[in-house]
Amino acid sequence: MMDGAGPVRSIGVPTPLVDGPEKVSGKARYAADYLGHDILVGRIWRSPVAHARILAVDVTKAQALPGVVAAVTGADCDKTFGVLPVAMNEYPLARERVRYRGEPVAAIAAIDAETAQRALDLIAVEFAPLPAYFSAVDARAPGAVLLHDDKPGNVERHATYAIGDVDAGFAAADLVREETYHCAEVCQVQSEPHAALAEYDAERDELTVRCSTQVPFYVHLMLARTLDMEKSRIRVIKPHIGGGFGCRTETLAIELIAALLARKAKGRVRIVATREETFITHRGRPEQTTRLRIGLTRDGRITAVECETVQRGGAYSGYGIVTILYSGSMIFAIYDVPAARYDGYRIATNTPPPGAFRGHGTVNVRFAFESLLDRMAAELGLDPFAVRRANLLKAPTFTANDLMVNSYGLPDCLDRVEAASGWRTRKGRLGPNRGLGMACSHYVSGASKPVHWTGEPHATVNLKLDFDGSITLLTGAAEIGQGSSTVLVQCVAEVLGLDIGRIRIIAADSAVTPKDNGSYSSRVTYMVGNAAIEAANNLKAVLVKAAADRLGVRVEDVECLGESYRAGRQDEGLSFDDVVKAALADAGTITVKGNFSTIPASHGGKKYRGAAIGGTMAFAYAAQVVEVSVDPDTAEIRVEKVWVAHDCGRALNPLAVEGQVQGSVWMGMGQALSEETRYHDGLGITGNMLDYRVPTIVESPPIEVHIVEAADPHGPFGAKEAGESSLAGFLPALANAIEDAIGIRPTELPVTPDRLMALMEKRARDGRATKAS
């Protein structure tokens, strides 16, 4: 019997992550941590040239080296892979042609690292060089050699739409301005390099792969495709992951090469990428140039938008089609935009292929949009906050491109950061070389249409209740450090009124857990969280029925108090363990399931090709104010403080939400101030942690987070996205703050001291020329 205590509350309670103890104690095992005397070392021979025909690949001498167990080349796999069914044009190991420096060409499995490296040095490859193009401009030039014969003009995808009467909108505007913005290519620089351990059982023709992936389901599909194996003979296990941020959404060549080597060696092969190889594998945010035109009325209302953007797409499709479509679709759903024209070009180049990066597809165009909006507000003599408020949506609504918006906390976000930063009293009054800037941003809570459409639910969660009274939550959703496993445990605990200690979670093992579409586009909390709630309610129904039968009352009379079930306040009731025993008496171990699927209204529109990209069940919103100081002698920029408000619907775990928002802002700061992937004739020259400048704690400012809860009607307990929306706003807020500080508005990122100094010197020269004239 119980003492009558009520159910334990988990939702809205700051909760340490359930996998935290393993991570901070060093007990967590990542893909590279699986060691054994019989595990072979895999190494990859990568192309030293950016573009060439492969005339011959000779691994004879390498295979003859004592200690070498297997070697594979492009001849061992004639199947392409990729993330999109319509754009799979990459081989695990290059065949016929290499298209970027560092592309895998051959691989070795040996008894140790020294032998593997010696074997790599013995591989001989003969190339016939081809012209190489390292910028979108060069790749689009007349007469440029095609990287892929089916991509005329080296255009991977031209995304285009015209919604509303754009020309009439510009004609009705009191102010029309146009500007071009440029954002450098950036990488995720997650703490854990890519790694994979593949084990092939020759007797059973079965393959097990442990790898650092955000989407085990995609890896499973691509292993089956490239190795020509039945999916039922493959097992994919996701160990602990040291960050993803989008770069591990796609299946990577390293996982497929490890599997090819393991099958050939009839054993176990482990490949751990170096940091340089991790940079080469890339899948970061592309270099992008955006020409943006906006029309405003004198009171700040948007009348029309025209956007042309070009992305350097790298050598293979990857996520490129989706990226260029997101750049266009997400012009909408943050402000009331009545008319827009968009042309987006994803261009194939002889550089490593970019992919999905936190805020996928939206960040660079949002930088342009918020920067130009701020500039135009100044010309009209309007406060930047007033311009944003003049264009707010009224939810629920559908945008002009048919995106569903059911909850909209942006007005509250604006109010919060305006007040917290002292904007009205401090803007323009901070003294020389110090300024404030603001911007807004948004993102989806998962894509409503999955990449691999199967007709199945978007998410499935299984719960298992056994004799010991513990509940095991089984999910295919990948915990990659974002706290998704904790949120799912909280959802189940909240429904059942139990302490989270009663619930253990097993995630992302295809032999045990249900298939999940993966951890990308902030989908797990919304979609898998809803599935977890349904599963918990189904389990609760089983337990309530068992309690009712035991107590001899109606089901509707039973009250679930977590650790006790009773029928009326005077009833002593049954303990949770007693109810479990009753429930198991007839059926034994109980397994229940919960599903979630998006509703058709959220699937996006049909007004143009690719209009479904951007469709989501809910948008999250953010507003932020950035305060900077600029050294007039060195042009060094210091971020003094950031105020950010993020509308996450409901903060299921406020501790994790705050951390995710801070991480988003910090990542945006890196792109805005210092991060840039650079190449010299296709050779990466920033492929290490010294030359690729990620901000350290020294450069990190205080980040004051305000959580806004505009509950979404379909979200799990009202929740929606929390880990991406706050990134994009930092970039323009920084640029706008620099303008406030020194009167110069940067249009190129990152705003390094040398770039800013060049702008300052140009202003000085222009000033002297004006005086002389």
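Mentor: Two strands pair if DSSP finds at least two bridges between them. Keep in mind that the model is predicted.

Trainee: What makes β3 and β5 a pair?

Mentor: Between β3 and β5 (residues 104-110) there are 5 bridges, in the antiparallel sense. The cut-off is at least two bridges, so the two strands pair. One bridge sets alanine 71 against isoleucine 108 in β5.

Trainee: Which helix packs on the sheet by touching β1, β3 and β5?

Mentor: That is helix α3 (residues 113-122), whose direction makes about 30° with that of β1 (39-46). Helix α6 (residues 216-227) also packs on the sheet, touching β10 (206-211) and β11 at about 145° to the direction of β11.

Trainee: What is the strand order of the open sheet?

Mentor: The 7 strands run β3-β5-β1-β12-β9-β10-β11, with mixed pairing. β3 (68-73) and β11 (234-237) are the edge strands, as each pairs on one side only. From one strand to the next the twist averages 20°.

Trainee: How do you know that β20 and β21 pair, and in which sense?

Mentor: Strand β20 (residues 471-475) and strand β21 (residues 503-507) are joined by 5 bridges and run parallel. At least two bridges are needed, so they count as a pair. Threonine 472 faces arginine 504 in β21. Helix α14 (residues 484-496) carries the chain from β20 to β21, in a right-handed β-α-β crossover.

Trainee: Which residues have the most contacts inside the largest nonpolar core?

Mentor: Leu207, Leu223, Leu410, Leu734 and Leu756 do, in a core of 154 residues. Helix α18 (residues 725-742) gives the largest share, 11 residues. A second, separate core has 50 residues, among them Leu539, Val544, Ala583 and Ile590.

Trainee: What does leucine 223 contact, leaving aside neighbours within four places in sequence?

Mentor: Its contacts include Leu207, Val209, Ile234, Val236, Leu256 and Ala259, as well as Asp228 and Glu255.

Trainee: Why is cysteine 307 not counted in a disulfide?

Mentor: Its sulfur lies 11 Å from the closest cysteine sulfur, in cysteine 183. A disulfide needs the sulfur atoms within 2.5 Å, so this distance is too far for a bond. A search of the whole structure finds 0 disulfides. Cysteine 211 is in none either, with the nearest cysteine sulfur, that of cysteine 247, 12 Å away.

Trainee: Are cysteine 211 and cysteine 307 buried or exposed?

Mentor: Cysteine 211 has a relative accessible area of 0%, and cysteine 307 has 2%. Buried means under 20%, so cysteine 211 is buried, and so is cysteine 307.

Terms used: Residues numbered from 1 in each chain as written. Predicted model: local features only at pLDDT ≥ 70, side-chain atom pairs only at ≥ 80, totals over all residues. Heavy atoms only, no water. Helix = DSSP H or I, 4+ residues; strand = E, 2+ residues; numbered from the N terminus. Axes fitted to C-alpha atoms, helices over the stretch in contact; angles between N-to-C directions. Contact = heavy atoms within 4.5 Å. Core = buried A, V, L, I, M, F, W, Y, C linked by side-chain atoms within 4.5 Å. Buried < 20%, exposed > 50% of the residue type's maximum accessible area, 1.4 Å probe, protein only. Right-handed = clockwise from strand over helix to strand, strands pointing away.
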